Structures are given as C-alpha cells and as structure tokens.
Amino acid sequence: MGRKAVITGGTGGIGLHVAVRLSELGYDVTVVGRDSARGQDAVGKIGNTARFLQADLSSLDEVKSLGARLAEEGPLHLLVNNVGGMWSTRRETADGLEASFALNHLAPVVLSTALLDALRAGKPSRIVDVTSSSITTAVIDGLPTYEDVEQAGDHYGMAVTGRAKLAHLSYSLDLAEQLRGSGVSVIVVDPVGAGAVDTPNAAEMTPDILPPAIRGLWDQIQAGMGSAADVAGSVVTAATDPAFDDTTGVVLGPDGAPSDSLVKFVTPEISESVRELTARVLAA
C-alpha cells in the first residue's frame, strides 16, 4: 500500500484538485464530503485507489464517527483539513452552532484530535490546515473576541468566516507546538491570498457577505476570480514538499512560501480565549 491521505471537502473545488494531484503522486486518497453523487464523481476523476466517505462535517457527531472509522484503519500519513464554508446569511448546524465556526474550526479540531494516534503511527506525517485571507475582514474593526461561538454585532459572512479561520489558525499553531518532535508536522496554507476562487461555495455568495467598509470591492473581487486548479498547488506543496520535512507551525502563502501576513493577528490573548472556548464547546 502507498501512503494514505485524507482530504476533507475533497469532492469539488480546491480539495478535488488537491486530491487528484496527491493521487498522481502515489497517495491512496480518501475524499470526504456530504453528497454521495458528487463523491462518486470525484472518485472517478481522481482514479487509482481513491475512495469516498460520506459525512456532513458540520455535524460534530458525524465528524466523530468519521474520525473513529479512519482511526481504526491504522497509520495515516496526511490529513488535509480543507473543508470550509462561507455564506451571505447566518446558518446553524444540527448541533445548534453557528455554521461557519462549526465547519471552519470545530470540525477540523475534532477530526485532527481523533486521528492523532494514526498520524503518529504513520510518521513522518503531516496535518495541513487550509486557512483564508478572510481573516483580514474579521479584523477591520479590531481583533475579534472569543467569549462565545458568535460575537455580538451584525452578521457579515466573510468576516464571520474570517473570525472562525483566525480561531483555527491559533489552534493549528498551538497543535504544532504540542506535536513538535512527535514526527507529526502541522502546516497551515492560505492558497488564495487576497483574491477569490471560483468554487461552488463562491457561486452562492452575494455582495452582503462583505462588511460594509469593503462592499464596494465586490465587482473587483468577482472580476479577479481565479480557478481552483490554479491555487491547489500551494496546498500540495504544504502536503508533500520535502523542504518542509523538518518544519512545523509554519504558515504558507499562495506561492507556497512561508508568510507572516496572517500570523500577526494571532495574539496571546486570542490564543488563550480560543483554547478556552474550544474546550468548553466541545465538552458540552
């Protein structure tokens, strides 16, 4: 058997292109998604030994079940936490949680935790967390707070997602330190940067997803929309480049090179409040 990789949100968009490239590099690829038809279509495009596992990762119970199943299968070499979501209007999960926070932060926390032993058994192994420059829209009016899953105030989807992505970036950097020397590396990558990518999720967005201060940029953002295939390379770099074999806790930009553009927003206060909130919500 080859090296095993799991890609969440791997049935379309960036995740599918990452899965195709990893399969071409010899990985036994598992893609995770909600829709079985899209999943089987993705497997056909990926080819080789690819398989699809169905799970709605906005449901923490389904994330736990997925993690338990994958953990039982033994050593894992690569986990790409690519799943995410950004919507113009507020959504709530079956658990009663705001959906952006659940999908962009809590789900990958639960899945990564469930697979740590499998990743240790497969060392050297990597966790690749896909982040987003939506973080910059969450800090327009100052750094967000994390007393609760949702912050008080108006709901602007991109800023809400950016706040969730900042929480997960903080978590990823914490996890990298916890796993240092274990043979499991944690690498974060922002594949899109300041632009936008043509994905099924992006097609659902409307101008009011943007905070009012930057809503005037909508047409410019739409005109500069890139393709998922073009940006997948930086995620593959994070997952496979031997230059990062002895590296953990690094954040890569769209060019696949280390970048501090998002790390600067992770303050000690945010890290501590994210730790406390995450632990409290997951213990509930």
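# A tour of cavities, strands and odd backbone spots

Start by selecting Asp129, Val130, Thr131, Lys165, His168, Leu169, Ser172 and Val188: these residues line the largest cavity. Strand 5 and helix 7 are the elements that give two or more residues to that lining. Helix 7 has the largest share, 4 residues.

Before moving on, some housekeeping. You're looking at a predicted model, where local features need pLDDT of at least 70 and side-chain atom pairs count only at pLDDT 80 or more, while totals for chains, interfaces and linings use all residues. Residues are numbered from 1 along each chain as its sequence is written, and side-chain values use heavy atoms, with hydrogens and water left out.

Now the terms. On a 1 Å grid over the protein atoms alone, a cavity is a set of points where a 1.4 Å probe fits but cannot get out; a pocket is an open set with protein on both sides within 12 Å along at least five of seven lines, and a lining residue has an atom within 4 Å of a point. Grid points are joined across faces, edges and corners, and a volume is the space filled by probe spheres set on the points. Helices (H or I, at least four residues) and strands (E, at least two) are DSSP runs, numbered from the N terminus.

**Stop 1: the cavities**

Stay with the largest cavity for a moment: about 40 Å³ of space lies in it. Its lining divides into 3 nonpolar, 3 polar and 2 charged residues. For that split, Ala, Val, Leu, Ile, Met, Phe, Trp, Tyr, Cys and Pro count as nonpolar, Asp, Glu, Lys and Arg as charged, and the others, Gly among them, as polar.

How many cavities of 30 Å³ or more does the structure hold? There are 2. For the second largest, pick Thr8, Leu57, Val63, Asn81, Val83, Ala107, Pro108 and Leu111. The volume here is about 30 Å³, and helix 4 (residues 99-114) gives the most to the lining, with 3 residues. The lining of this second largest cavity has 6 nonpolar residues, 2 polar and no charged.

**Stop 2: the second largest pocket**

Next, select Gln151, Ala152, Asp154, Tyr156 and Ala159, which lie nearest the centre of the second largest pocket among its 22 lining residues. The elements giving two or more residues to this lining are helix 6 (135-138) and helix 7 (157-179). Helix 7 gives the most, with 3 residues. The volume of this pocket is about 500 Å³, and its lining holds 12 nonpolar, 5 polar and 5 charged residues.

**Stop 3: strand 4**

Show residues 78-81, which form strand 4. Are its faces covered or open? Both are covered: Leu78 and Val80 on one side, and Leu79 and Asn81 on the other, are all buried. (Buried means under 20% relative accessible area, exposed over 50%, partly exposed in between, with a 1.4 Å probe and protein chains only.) In a regular strand the side chains alternate between the two faces of the sheet.

Bring in the neighbours: strand 1 (residues 4-8) pairs with strand 4 in the parallel sense over 3 bridges, and strand 5 pairs with strand 4, also parallel, over 4 bridges. Two strands pair if DSSP finds at least two bridges between them. Click leucine 78 as your anchor: alanine 5 stands opposite it, and its bridge partner in strand 5 is arginine 126.

**Stop 4: threonine 278**

Jump to helix 11, where threonine 278 is found. This threonine is buried, because its relative accessible area is 8%. Its side chain joins that of histidine 105 in a polar contact of 2.8 Å. (A polar contact is a pair of N or O atoms within 3.5 Å; within protein, one must be able to donate a hydrogen and the other to accept it, and residues adjacent in sequence count only if both atoms are side-chain atoms.) Leaving out residues up to four places away in sequence, threonine 278 touches His105, Leu106 and Val109, where contact means heavy atoms within 4.5 Å.

**Stop 5: the loops**

Most residues other than glycine have a negative phi, and most peptide bonds are trans. Now look at proline 124, in the loop between helix 5 (116-121) and strand 5 (125-130). The peptide bond from lysine 123 to proline 124 is cis, with omega near 0 degrees.

Then go to asparagine 48, in the loop between helix 2 (36-46) and strand 3 (51-54). Although not a glycine, asparagine 48 has a positive phi of about 55 degrees. It counts as exposed because its relative accessibility is 64%.

Last pick: aspartate 260, in the loop between strand 9 (250-252) and helix 11 (268-283). At 60% relative accessibility, aspartate 260 counts as exposed. Draw a distance from its C-alpha to that of valine 250, 10 residues apart along the chain, and you get 8.9 Å.
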